Amino acid sequence: MEPVEIPEALIELLRKSEYVAVLTGAGISAESGIPTFREAQTGLWSKFQPEELATPEAFSRNPRLVWEWYTWRRELIAKAEPNPGHYALVEMEKKVPYFTLITQNVDGLHRRAGSGVRFPILELHGNIQRNKCFTENRPVETWEENGEIPPRCPNCGGLIRPDVVWFGEALPEETLSSAYEASRRCEIFFVIGTSGLVHPASSLPYTAAGCGAVIVEINPAATPVSKLARFTLEGHAGIILPALVDEAWMNIDSE
Ligand code: BV8
């Protein structure tokens, strides 16, 4: 494994920054074995595009199919562990005075890694481990398992759905406005493991850049955000982030 080159200017900037914001996408969970959205879905799901399953229309049309897709993903996530990229962000949250982690991911791996202790994690698209009633749009934690798929709401008998934001649905208002506020206030805005195609999450780096933040992209591939980036660290988050955190703070501790 060749050593990771982290620009000295970025290390200096990171050490003296008061406020760092981070936006993550599916790429940060790739090294945990969770397929990203851009990768072809495997097996039974290979004939579907996520965009055609993650919608209220798809759920209304075929609730069983959509529920089973989420069951398949939940089983993948249950077997997955946070990777060094997730853990490096936990360290970063400990080291910088103000830190906001904004994620598009619904897999909950940031929380499992230990993020969210000093500052709340902003889960823009919800969390796959939570469920809600499709009719009442209220959280549902328990229900009677009678073999029906999807299960039904114990309160109104409506269908239960995952508590994630589907295409065409509004993002949680408070979470989104907190994400915009962090994008406006931060000095460094990391964009990690996202193709930058899904709106409105994809507008956050533009807000940050417009307010003077230095954009840092970590991704093996170029994306529309690359043109905004002052620093582009080409590679895997699970390799680059630990090296970055070590350079910025761990070496200092040993100096
Ligand atoms: C809304 C939860 C309005 C569900 C998700 C035209 C223009 C602009 C917008 C639109 C448009 N047409 C439609 C829209 C709106 C639409 C949208 O953006 N569509 C896209 C497809 C164009 N957006 C919406 O519908 C949003 N809602 O706009 O509502 C509204 C307002 C008021 C009232 C009513 C309505 C809702 C969007 C949320 C959808 N839900 N997830 C679920 O998960 O099942 S989105 C889902 O896909 C993810 O959450 C994530 O956000 C997105 C996938 O993107 P990425 O995370 O970037 O993942 P991807 O696979 O694409 O890329 C991975 C990257 O990682 C790659 O770059 C790869 O190179 C890199 N990588 C790989 N390995 C590594 C790595 N990087 C680092 N390390 C590695 N090891």
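# Exercises around the ligand and the sheet

Of the 34 residues around the ligand, those that come nearest are Arg38, Tyr70, Arg73, Gly168 and Ser195. The model is a predicted one, and the exercises below walk through it piece by piece.

**Exercise 1. Find which polar atoms of Glu31, Phe37 and Tyr70 lie by the ligand, and at what distances.**

Step 1. Begin with Glu31: a polar atom of its side chain is 2.8 Å from a nitrogen atom of the ligand.

Step 2. Move on to Phe37, where a polar atom of the backbone lies 2.8 Å from an oxygen atom of the ligand.

Step 3. For Tyr70, look at the side chain again: an N or O atom there is 2.6 Å from a ligand oxygen atom.

Step 4. Now take the ligand as a whole. On its own it has 1500 Å² of accessible area, and the protein covers 73% of that.

Step 5. Finally, ask which elements give two or more residues to the shell around the ligand. They are helix 2 (27-30) and helix 5.

**Exercise 2. Locate Asn83 and decide whether it is buried or exposed.**

Step 1. Go to the loop that links helix 5 (63-79) with helix 6 (84-95); Asn83 lies there.

Step 2. The relative accessible area of Asn83 is 3%. Buried means under 20%, so Asn83 is buried.

Step 3. Setting aside neighbours within four places in sequence, list the contacts of Asn83: Ile28, Ser29, Glu31, Ser32 and Gly238. Glu31 is the residue you met in Exercise 1, with its side chain 2.8 Å from a ligand nitrogen.

Step 4. Check the side chain of Asn83 too. One of its polar atoms lies 2.7 Å from the backbone nitrogen of Gly85.

**Exercise 3. Trace the open sheet and say in what order its six strands come.**

Step 1. Reading across the sheet, the order is 3-2-1-6-7-8, with parallel pairing.

Step 2. Strand 3 (122-123) and strand 8 (231-233) are the edge strands, each pairing on one side only.

Step 3. Look inside the sheet at strand 1 (residues 19-24) and strand 2 (residues 98-103), which are joined in parallel by six bridges. Here Ala21 faces Thr100 of strand 2.

Step 4. Add helix 1 (residues 8-16), which lies across strand 1, strand 6 (188-192), strand 7 (214-218) and strand 8. Helix 1 runs at about 110° to strand 8.

**Exercise 4. Work out how strand 4 and strand 5 run, and what surrounds strand 5.**

Step 1. Strand 4 (residues 126-133) and strand 5 run antiparallel, joined by four bridges. Lys132 stands opposite Arg161 of strand 5.

Step 2. In strand 5 (residues 160-164), five of the five residues are buried, so the strand is largely enclosed by the rest of the structure.

Step 3. Visit the loop between strand 4 and strand 5, where Gly157 has its place. With a relative accessible area of 32%, Gly157 is partly exposed.

Step 4. Compare positions along the chain and in space: Gly157 and Phe231 are 74 residues apart in the chain, and their C-alpha atoms are separated by 52 Å.

**Exercise 5. Say where Thr55 sits and which residues it is in contact with.**

Step 1. Thr55 is found in the loop between helix 3 (50-53) and helix 4 (56-61).

Step 2. The relative accessibility of Thr55 is 10%, so this residue counts as buried.

Step 3. Apart from neighbours within four places in sequence, Thr55 is in contact with Trp166 and Phe167.

Key
Residues numbered from 1 in each chain as written. Predicted model: local features only at pLDDT ≥ 70, side-chain atom pairs only at ≥ 80, totals over all residues. Heavy atoms only, no water. Buried < 20%, exposed > 50% of the residue type's maximum accessible area, 1.4 Å probe, protein only. Polar contact = N/O pair within 3.5 Å; in protein donor to acceptor, adjacent residues only side chain to side chain. Contact = heavy atoms within 4.5 Å. Pairing = 2+ DSSP bridges. Axes fitted to C-alpha atoms, helices over the stretch in contact; angles between N-to-C directions. Near = heavy atom within 4 Å. Areas by Shrake-Rupley, 256 points an atom, 1.4 Å probe, with all protein chains shown as cover.
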